[in-house]
There are 2 protein chains.
Amino acid sequence: MSKEDAGGSRQPEGYGKLQSLLAESCDLEKAASVLGWDQRTYLPPGGAVARGEQLAALRGLVHRKKTSPELGQLLEGLRGYEESMPRDSDEASLIRVARREYELAARVPVALVEEHAQASAAGYRAWADAREAKDFAVFRPAMERLTDVVGRVVAAMGYEESPLDPLIELSEPGLTAARCEALFAELRAALVPLAAAIATKSPGDEDALVRQRFDGRKQLDCGREAVRAIGFDFERRGRVDLTIHPFTTSFSPDDVRITTRVDENDFGNCFFSLLHEAGHGIYEQGLPAHLRRTPLGRAASSGIHESQSRLWENIVGRSRGFWEFFLPRARAYFPEQLSGASVDDIYRAVNRVTPSLIRTEADEVTYNLHIMMRFELEKSLLEGKLPVSGLRDAWNEKMQSYLGILPPTDLEGVLQDVHWTRGPGGGFQGYTLGNVVAAQLFEAACAASPGLPDRFASGDFGPLFRWMRERVHACGAKHRPEELVEKATGKPLTAGPYLAYIREKYGRLYG
Amino acid sequence: MSKEDAGGSRQPEGYGKLQSLLAESCDLEKAASVLGWDQRTYLPPGGAVARGEQLAALRGLVHRKKTSPELGQLLEGLRGYEESMPRDSDEASLIRVARREYELAARVPVALVEEHAQASAAGYRAWADAREAKDFAVFRPAMERLTDVVGRVVAAMGYEESPLDPLIELSEPGLTAARCEALFAELRAALVPLAAAIATKSPGDEDALVRQRFDGRKQLDCGREAVRAIGFDFERRGRVDLTIHPFTTSFSPDDVRITTRVDENDFGNCFFSLLHEAGHGIYEQGLPAHLRRTPLGRAASSGIHESQSRLWENIVGRSRGFWEFFLPRARAYFPEQLSGASVDDIYRAVNRVTPSLIRTEADEVTYNLHIMMRFELEKSLLEGKLPVSGLRDAWNEKMQSYLGILPPTDLEGVLQDVHWTRGPGGGFQGYTLGNVVAAQLFEAACAASPGLPDRFASGDFGPLFRWMRERVHACGAKHRPEELVEKATGKPLTAGPYLAYIREKYGRLYG
C-alpha cells in the first residue's frame, strides 16, 4: 500500500515502513524520558538501582532499534525517493535526518550504550551523595568510570580533530569544537573587559531587593503566574514539579514537564529558573504535531533549545518592560517585600552583574565564562590531558582566573552541574550558542514586528511568541542549527546581535 | 560458562540465558509500570494520547519478548534440568513458572495485545470523562470495543468451560470460574442472612464520628503515621501520592508506590485506603530480593496480594486493639473531632455494617456481595448473554436485589471501578479470595504466636509482619495461590476461618 506525499506523487512502501519503525523508537525513547523524569523528581532513594537497570534495558533496546540492519536497508532503499523530493519537504527531511542519526548511532556497539546508561545511573547516585557530602571525592570514582566509557564511545564514533566533535555533532549537527572555540574567543575578547568595567561601577548590593525572605509556596504560585503569562500551557499540556537541578522534558507536545527549585532567600532562583524552563517548555509544546513520533518532531539542537529558554528568561524576563507588567503582580504575592520597590529598582536587582559561583544563577555578562571553562575542562579530560583526580583543582583554578573567585565547597564548585553524571561531553557549548542565537532571533522578531518589546509592559508577549512558533518551533528538527538561524533571520549565525544587546543594556544600567 | 545451583550441580548454559532474557522482560514491564503510575497520578490531560501510544509500544514489545521462539526453545531445552532439581528450588520453580507464562502469552498475537493496550488507554480516558459527566453512556462505546477485544483475547487463549477461565488463570493460577462460583455460593449462604440480621439491629448512625469534617492535609499526615506504624517503608523505599482510584504499583522491592484519595467529610476513606494499599505495598517490599527481575520475584496471585491488603486494612486496621493504640495518635491530628471519643466509639464507627454503593468503602460483611455481582456481570458480558448497552441497567438491578439500594448516578454505580477500563475480566474474584485467605493466614499466624492480636494495642505489629514476611512474601510467585495457602497454614484453602471471623466479630458488635 502506498500513500500520497506532499507533492502528490506516490510514496514508496518503504517510506511507510520507515515511519512505523521510527514511531516505535520515538515511543520507546519517550518512555525512557518518563523514567528519567521520575528519577529526578519522585524516585525514592532505594529505587535507584532498579531504575538504572530499567533505563539501561530501555535505552539498549532503543539503540538496537535505531541501529537495526532493517532500518539501514530501508534508508538505503529510499535514497532515490529522497532525491526526488524537495530538500525541505517532510519526506526528504525525514529520510535525511533519520539517516544522519542512524549513521551516528550505528557506530556505537549496544553493549557500550548499555554500559554508558548504567554508569550514568550510578553517576547520578554518586553525584547526589557527593553533593550531600559536599565532596568531589565521593563522585570521583563514578566520574572516572564515566570518562573511560565516554572515551570509548567517541573512539567508536570516530573523529578527525577533537574527541568532542562526535558528541557536539550529536547535539549540534554541523558544529565542531574548533567552531565553538572561535566563537568563544570572540565573546571572551568583548566580555572580559566589559565585566571588568562593570565591576568598578557596581555598588555590590543591587540585588538586595530580591534577596529578602520569600515564602516558598508563594514563590511557586508567583512563578506559575509568570510562566502562564508568557504562554506555557500547564493546565492541560504540562506540569511543574520540584527537583534538585531544574530541567525540562517532554513526552509529546501535549505533555511537557518543567521543573524548578526554591530558595527562600532568593526570589530570583525559582522565578528565573521557571521562566527558563518554561522557554524550553514553550518550544516543546510548539513542535509540529504532524511530525510527532518522527526524528523531525524534535528541537533542532540543544543550542536552539537553549535560545528559547534564554530568550524568555533573560531577554524578556529581565527586561524593563516585563517588570512594568509583572511588578504589580509579584507585589500581590509579596506585599511586604516589594511594596516599596519601583520598576527601576527591580529591573536593577534582577540584572546585577557580579562574578558568581553557580552557573545557573550567573548574570548575562559572566554566564558564558562559566560555559567556556566547562567546555575546556571536558575537552582536556577526553583528550587525556587532565586526569579526573585533577578535576576539582582545575575547576578551582579556572574559577580563580576567569572570575576571580573560589567556591567554598565542591557543592558550589565542581559538583554543581548534573551534566557530568553522564560523563564529560555535557553539551555545555549549547548554552553559549543559546545566548547568541536568542539575541539574533530576537533582533529579527523585532525587525519583523516593530514595537514588539514595548508591548511587554502591558503583558502582551503574543507577537514574540507567534514569531518563534512560526520561524523556530514549527520547523522541528528539519534544519541544522546554523541553517535554521539563517532561514529564520536571513543572516548567518553571528555573535554580533548578542554583543550589541549586552553592550546596550549593561552600558545603560552601569553607565 | 556455567554456575553452580543450590544443589551444587552445574547449571546448564541455557539457564543463564533464560535468566537474562527474563530480566530484560521484567525491566521493560517495570518501565511500563512507571508509565502507568504517572498516567494515574500526574499526567496532564493532553498527554493521554501519546501515553497510550507509548504504553502500547512498550507492552507490545514485552509481549514479543515473552513469546519469542528463542524463549520457547530455551524452556524446552531446560526440561531435563528442571526435572533434576527439587520442585521448590529456585531453578525448577523459575523454569516452571516461566513456561506457564510463556505458554499462556504465546497464544495471543502481538497485534491483539497492542490493540488491547490502545483500547485500554482510550478506555481510561473515556471512563474519566464519563465519571465527570456521571454518565455511563460516555464510557459505553469504549467498553463495547473493550468487550470485543477481550472476547478475541480469550478466544485466542482457548477455554473449555467459561470464557473467564483463561483470564482467571492469568491472575489466579489453578483457579477456575466454577471454583469461584462454588466459593461465592458458600459465602452468600452465610453472609446474606447475617447482613439482614445486622440491618435489624443497626441504629444507622454508628459512623457519625468519622463522618465529620477532617482537613485533607492532616488526613494524609495521620494516614502516613499509621502506614509507617504497620511497617510500610516510604522513607527510602516507597512513596504515597494522590489519585482518583487508589492503587499500588512497584518498580522493585525498593521502590513501591502507594496512592490514596481524600474525602474531607469521611475520615475512613483516605485512612483505610492507605492501610489497604500499604498492605499491598508491604507485600511488594517483602518480595525476595534475590528473585528480583524474574517471574518469581512477584506476588503469587492477585488474590494473595489482596489477602495482604485486606489483612492490614480490616483484620488489623478495624480491630479494637489497633484503635487502642492509634486513637490517641489520631486525636493529635483531630482534637476537635475525636477528643470526646472512646476506643469503643471509634471501633464501632469504623465497623458499621450497612448496604452501600461503593465497593471500596463497603464493610466486611457486604463487601463480597459487590464482588459477586461484578463477577457475574462480566461473565455474562463475555458469554454474550448481556450486551454492553444493558450493563448499566443490569448493574442497577443487581444492586437492588443484592443490597437493596440504587446508585443516584452512574458515578456511584457502574462507573465506580477502574477495572473495566481494561475491559471485562477485571479479576474481581481476587478480592473475595483475598478476604478469605487473609482470615485463614491470620488464624495460622495467631496459632503460631499466641497473644499476637493483643500486641496491637501497644502498636506492636512485628510478629504478624514477620510471619507474613516469612510464610507469604518470601515465597514470591513460586507457588500457586491454593498451594501457598496450604503450605503457609497447613490446611487447604477454605472459607471457614473467614466466616468464623465475621460471625465472631459482628456477632459481638451487633449482639
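**Figure 1. Pairing in the three-stranded sheet of chain B.** Two strands count as paired if DSSP finds at least two bridges between them. By that rule S2(B) pairs with strand S3 (residues 255-260) of chain B in this predicted model: 4 bridges join the two, and they run antiparallel. S1(B) also goes with S3(B), but here the strands run parallel and 5 bridges hold the match. Put together, that gives an open sheet of 3 strands in the order S1-S3-S2, with mixed pairing. Strand S1 (238-242) and strand S2 (248-252) of chain B are the edge strands, each pairing on one side only. From one strand to the next, the twist averages 20 degrees. As a reminder, strands of a sheet pair through backbone hydrogen bonds, either parallel or antiparallel.

**Figure 2. Who faces whom across the strands.** Start at the hairpin, where 2 residues take the chain from S2(B) to S3(B). B:Ser252 stands opposite B:Asp255 of S3(B). Further along, B:Thr248 has B:Ile258 in S3(B) as its bridge partner. For the parallel pair, look at B:Leu242, which stands opposite B:Thr260 in S3(B).

**Figure 3. How buried is S3(B), and what lies across the sheet?** In S3(B), 6 of the 6 residues are buried, so the strand is largely enclosed by the rest of the structure. In a regular strand the side chains alternate between the two faces of the sheet. Both faces of S3(B) are covered: one side carries B:Asp255, B:Arg257 and B:Thr259, the other B:Val256, B:Ile258 and B:Thr260, and all of these are buried. S2(B) is largely enclosed too, because 4 of its 5 residues are buried. Two helices are worth finding in this view. Helix H1 (residues 13-41) of chain B lies across S1, S2 and S3 of chain B, at about 145 degrees to S2(B). Helix H2 (residues 48-66) comes from chain A and lies across S2 and S3 of chain B, running at about 80 degrees to S2(B).

**Figure 4. Two aromatic pairs in chain B.** A pair of aromatic rings is described by the distance of the centres and the angle of the planes. Searching the whole structure turns up 62 aromatic pairs over all chains. Take B:Phe267 and B:Phe271: their ring centres are 5.1 Å apart and their planes sit at 25 degrees, so the pair is stacked. These two are 4 residues apart in helix H11 (residues 267-286) of chain B, which means about one helical turn separates them. Both B:Phe267 and B:Phe271 are buried. B:Trp420 and B:Phe428, in contrast, are edge-to-face, with 6.1 Å from centre to centre and 85 degrees between the planes. B:Trp420 counts as buried at 3% relative accessibility, and B:Phe428 does so at 0%.

**Figure 5. Arginines over aromatic rings in chain B.** B:Phe428, the edge-to-face partner of B:Trp420, has a second neighbour to look for. The charged end of B:Arg374 sits over the ring of B:Phe428, 5.7 Å from its centre. Another example is B:Arg359, which lies over the face of B:Tyr431 at 4.5 Å from the ring centre.

**Figure 6. The surroundings of A:Gly434.** This glycine lies in helix H18 (residues 429-448) of chain A. With 0% relative accessibility, A:Gly434 counts as buried. Which residues does A:Gly434 touch, not counting residues up to four places away in sequence? They are A:Gly303, A:Glu306, A:Ser307 and A:Arg310. For scale, A:Leu357 is 77 residues from A:Gly434 in sequence and 20 Å from it in space, C-alpha to C-alpha.

**Figure 7. How chains A and B go together.** Two copies of a chain are related by a rotation about an axis and a shift along it. Here, a turn of 180 degrees with a shift of 0.0 Å along the axis lays chain A on chain B with an RMSD of 0.0 Å. The two copies are thus related as by a two-fold rotation axis. Of the interface residues of chain A, 100% are also interface residues in chain B, so the copies meet through the same surface.

Technical notes: Residues numbered from 1 in each chain as written. Chains lettered and ligands numbered in written order. Predicted model: local features only at pLDDT ≥ 70, side-chain atom pairs only at ≥ 80, totals over all residues. Heavy atoms only, no water. Least-squares fit on C-alpha atoms with pLDDT ≥ 70 in both. Contact = heavy atoms within 4.5 Å. Phe/Tyr/Trp six-rings, centres within 6.5 Å; stacked < 30°, edge-to-face > 60°. Buried < 20%, exposed > 50% of the residue type's maximum accessible area, 1.4 Å probe, protein only. Lys NZ or Arg CZ within 6 Å of the ring centre and 35° of its normal. Axes fitted to C-alpha atoms, helices over the stretch in contact; angles between N-to-C directions.
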